[in-house]
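Reader: I would like to learn how to read a protein model feature by feature. Could we go through one together, with the general idea before each case?

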Amino acid sequence: MASETSVDYNRTKELKEFDETKAGIKGLVDSGIVSIPKMFIRPAEELVEELNPSQTNTEVPIIDLSNIQDSSRRKQIVDEVRFASEEWGFFQVINHGIPLTVLDDMIEGVRKFNEQDLELKKELYTRDPTKKVRFSSNFDLYASQTADWRDTLTFFFLDFDPDPNEMPEVCREPTLEYIKYMRKLGETLFELLSEALGLQADHLGSMGCAKGCSISCHYYPACPQPELTLGVRKHVDPGLLTLLLQNDIGGLQVLHEGQWFDVPPIRGALVVNIGDLLQIISNDKLKSVEHRATANHVGPRISVPCFFLGHASILDKPFGPIKELTSEANPPKYKEVLLREHIGRFLSSSLDKKPLIEYYKL
């Protein structure tokens, strides 16, 4: 397929045939392909840009959360969170209190789900965004310019605790445990971010920021031509905050000062990044930045982001710059947006399209 000319290439047909297998990227790899289908190949102008390699001599900030209850230590952590969130929009946290077994079991659960009998996975394969548990490859498959090299199992829960009966048995227990710990760590991080903004520790929490989270379990199989595609295209996260677990295969990169920087896996660490909504309510104090994941010759790479998008109880609540962070000298940079409208716009869009935050700028 990759060798077809543009004259006889029918992209829609190729997408449909791929989608109808319900086998995802892993299905392609299991079929024994040695070259990737054209639908995954990036535009020539993008591939030329890759001749400028990513930077590895500067590290994304790593923040140690140990002894966080000690007042002087907490102040230091808040300062580090402020710097990382303002300058990078990304950081890694260590000594966060989540047992290593919880993280390892989550990674293993994702691997088991993807490597189980295909017929069991097909039962959950859907493009219906109203399904709280769904398996698919590329949520924006038919809207994107280029497909990404990953399969995804999504747990989309904004309104209540997950119903265990809706979850695949093969990864049910580790996922429930992972969600429990993610919510707890999310509460801590929103406290630190509140303090970093000069607000009371409970400010973001009282807005409902720490309630309601969704989990995406990404599975990136080994790719025969990783230089031609990406695990996920460059994008920003639409929500408030993202916490991400990744296994020992790298690929995550963050755009900083016009260059791509690797975010190397650290055993037991979690990656944290600011989302669009947090940039909006902080009135540009905190930065939501572009990031991506490369494809690899080896695999699978597994990552499990937890997205804090807000709770169902605040779907019709307007989100705008926090009044305490605006003044005559620093007026609001964004208009208010309803959470329901924002999430709906993301789910019906594509990663290739105009960043959502641009819609709300004054």
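Author: We can begin with the cysteines, keeping in mind that this is a predicted model. Cys171 counts as buried, at 2% relative accessibility, and the cysteine sulfur closest to its own, in Cys217, is 6.2 Å away, too far for a bond.

Reader: What is a disulfide, in general? And how many disulfides does the structure hold?

Author: In general, a disulfide is a covalent bond that joins the sulfur atoms of two cysteines. In this structure there are zero disulfides. To judge a pair, we ask whether the two sulfur atoms lie within 2.5 Å. Cys306 is another case to consider, for its sulfur is 3.8 Å from the closest cysteine sulfur, in Cys213, and that is again too far for a bond. Cys306 is also buried, with a relative accessible area of 0%.

Reader: Turning to helices, which residues of H5 are buried?

Author: The general idea is that an α-helix has 3.6 residues a turn, so residues three or four places apart point the same way. In H5, the buried residues are Val102, Leu103, Met106, Ile107, Gly109, Val110, Phe113 and Asn114. Looking down the axis of H5, we find these buried residues within an arc of 155°, so they line one face of the helix.

Reader: How many residues does H5 have, and what distance does it reach from its first C-alpha to its last?

Author: Helix H5, which covers residues 100-115, has 16 residues and reaches 23 Å between those two atoms, close to the 22 Å expected at 1.5 Å a residue.

Reader: How should I read empty space, and what is the volume of the largest pocket?

Author: In general, empty space is found by rolling a probe the size of a water molecule over the atoms. Here the largest pocket has a volume of about 780 Å³. It is lined by 39 residues, of which Phe139, Arg150, Ser216, Phe307 and Phe346 are the closest to its centre. Strand S5, residues 213-220, gives the largest share of this lining, with five residues. Sorted by class, the lining of the largest pocket has 20 nonpolar, 13 polar and six charged residues.

Reader: How many cavities of 30 Å³ or more are there, and which residues line the largest cavity?

Author: The count comes to one cavity of 30 Å³ or more, and the largest cavity holds about 30 Å³ of space. Its lining consists of Trp149, Tyr220, Pro221, Ala222, Thr294, Ala295, Asn296, Val298 and Arg301. By class, the lining of the largest cavity has six nonpolar, two polar and one charged residues.

Conventions:
Residues numbered from 1 in each chain as written. Predicted model: local features only at pLDDT ≥ 70, side-chain atom pairs only at ≥ 80, totals over all residues. Heavy atoms only, no water. Buried < 20%, exposed > 50% of the residue type's maximum accessible area, 1.4 Å probe, protein only. Helix = DSSP H or I, 4+ residues; strand = E, 2+ residues; numbered from the N terminus. Expected span 1.5 Å × (residues − 1). Arc of directions from axis to C-beta. 1 Å grid on protein atoms, 1.4 Å probe; cavity = no way out; pocket = protein on both sides within 12 Å on 5 of 7 lines; lining within 4 Å. Points joined across faces, edges and corners; volume = space filled by probe spheres on them. Nonpolar A, V, L, I, M, F, W, Y, C, P; charged D, E, K, R; others polar.
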